Amino acid sequence: MSALPLRILGIDPGLQHTGWGIIQAHGSRRDYIACGAIHPPPALPLSERLHYLHQHVHEVIAHYRPDETALEQTFINNNAASSLKLGNARGALMLSLAIAGLSVHEYDATRIKKTLTGNGRASKEQIRHMINIVLPHVHSTHTHDAYDALAVAFTHAQWRGNI
């Protein structure tokens, strides 16, 4: 008996641009379902931008009904204020996923890049190219954020049995 298909939501978090991507995994098969990006208006206060992220992720979850979720881990950069804001966005997204009853799995950027390209330092263009190969029905008009989110979902599909 084969396992049931698993719908995975991948998220590339950001306060200005949050990418999301849905794939379906069935055995070793990976199928593209949808992807996009959430862009909270920059003029909104932080609390309202976080609420905007929550609302839009909730809409994605309600529409696509994922079974599991994966989030890219935060890297710490030199700008403490930017890192803190990104942490706020990740926290809001994680809470949204938990409220929906979804487990959250995290992957660092190096693992995501290495899973797709074999190179932990791959460029965004290399990630985009590999996503188009492993998920051939993705439209090339999507943003890097959406492609990154698909890469997170794909990584979870590849590693979920090992976590």
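This is a short walk through one predicted model, from its sheet to its helices.

First, the ground rules. The model is predicted, so local features need pLDDT of at least 70 and side-chain atom pairs count only at pLDDT 80 or more, while totals for chains, interfaces and linings use all residues. Residues are numbered from 1 along each chain as its sequence is written, and side-chain values use heavy atoms, with hydrogens and water left out.

Let's start with the sheet. Five strands form an open sheet. Their order is 3-2-1-4-5, and the pairing is mixed. Helices and strands here are DSSP runs, numbered from the N terminus: H or I over at least four residues for a helix, E over at least two for a strand. Two strands pair if DSSP finds at least two bridges between them. Why do strand 3 and strand 5 each have one side without a neighbour in the sheet? They stand at the edges, each with a single partner strand, so one side of each is left open in the sheet. From one strand to the next, the twist averages 25 degrees.

Now go through the pairs. Strand 2, residues 18-26, and strand 3, residues 29-38, pair in the antiparallel sense over nine bridges. Gln 24 stands opposite Asp 31 in strand 3. These two strands make a hairpin with two residues between them. In that turn, Gly 27 has a positive phi of about 65 degrees.

Next, strand 1 and strand 2. They are antiparallel too, over seven bridges. They form a hairpin with five residues between them. Arg 7 stands opposite Gln 24 in strand 2. So Gln 24 has turned up in both pairings: opposite Arg 7 and opposite Asp 31.

Then the sense changes. Strand 1, residues 6-12, runs parallel to strand 4, with four bridges joining them. Leu 9 stands opposite Thr 69 in strand 4. Gly 10 stands opposite Ala 70. Strand 4, residues 68-72, and strand 5 also pair in the parallel sense over four bridges. Here Thr 69 stands opposite Val 104, and the bridge partner of Leu 71 is Glu 106.

How covered is strand 4? Mostly: five of its five residues are buried. Buried means under 20% relative accessible area, exposed means over 50%, and partly exposed lies in between, with a 1.4 Å probe and protein chains only. Glu 68, Ala 70 and Glu 72 point one way, while Thr 69 and Leu 71 point the other way. Strand 1 is mostly covered as well, with six of its seven residues buried.

Just before strand 4 there is a loop from helix 1, and Arg 65 sits in it. Most residues other than glycine have a negative phi. Arg 65 has a positive phi of about 50 degrees, although it is not a glycine. Arg 65 is exposed, at 62% relative accessible area.

On to the aromatics. A search of the whole structure finds one aromatic pair. Which residues form it? Trp 20 and Tyr 64, at 5.6 Å centre to centre and 40 degrees between the planes. That is a tilted pair. The rule: rings of Phe, Tyr and Trp (its six-membered ring) pair if their centres lie within 6.5 Å, and planes under 30 degrees apart count as stacked, over 60 as edge-to-face and the rest as tilted. Trp 20 lies in strand 2 and Tyr 64 in helix 1, residues 46-64, so the pair ties together parts that are 44 residues apart in sequence. Both residues are buried.

Another long reach in sequence: Asp 145, in helix 5. Asp 145 counts as buried, at 18% relative accessibility. Asp 145 and Ala 37 are 108 residues apart in sequence and 6.4 Å apart in space, C-alpha to C-alpha. Leaving aside neighbours within four places in sequence, Asp 145 is in contact with Asp 12, His 17, Gly 19 and Ala 37. Contact means heavy atoms within 4.5 Å.

Last, two helices. Helix 3, residues 109-117, packs on helix 5, residues 144-159, at an angle of about 75 degrees, with the axes 9 Å apart. That makes the two roughly perpendicular. Angles of 65 to 115 degrees get that name, under 35 is roughly parallel, over 145 roughly antiparallel, and the rest oblique. Among the residues that meet are Ile 112 and Leu 116 from helix 3, and Val 152 and Phe 154 from helix 5.

Conventions
Axes fitted to C-alpha atoms, helices over the stretch in contact; angles between N-to-C directions.
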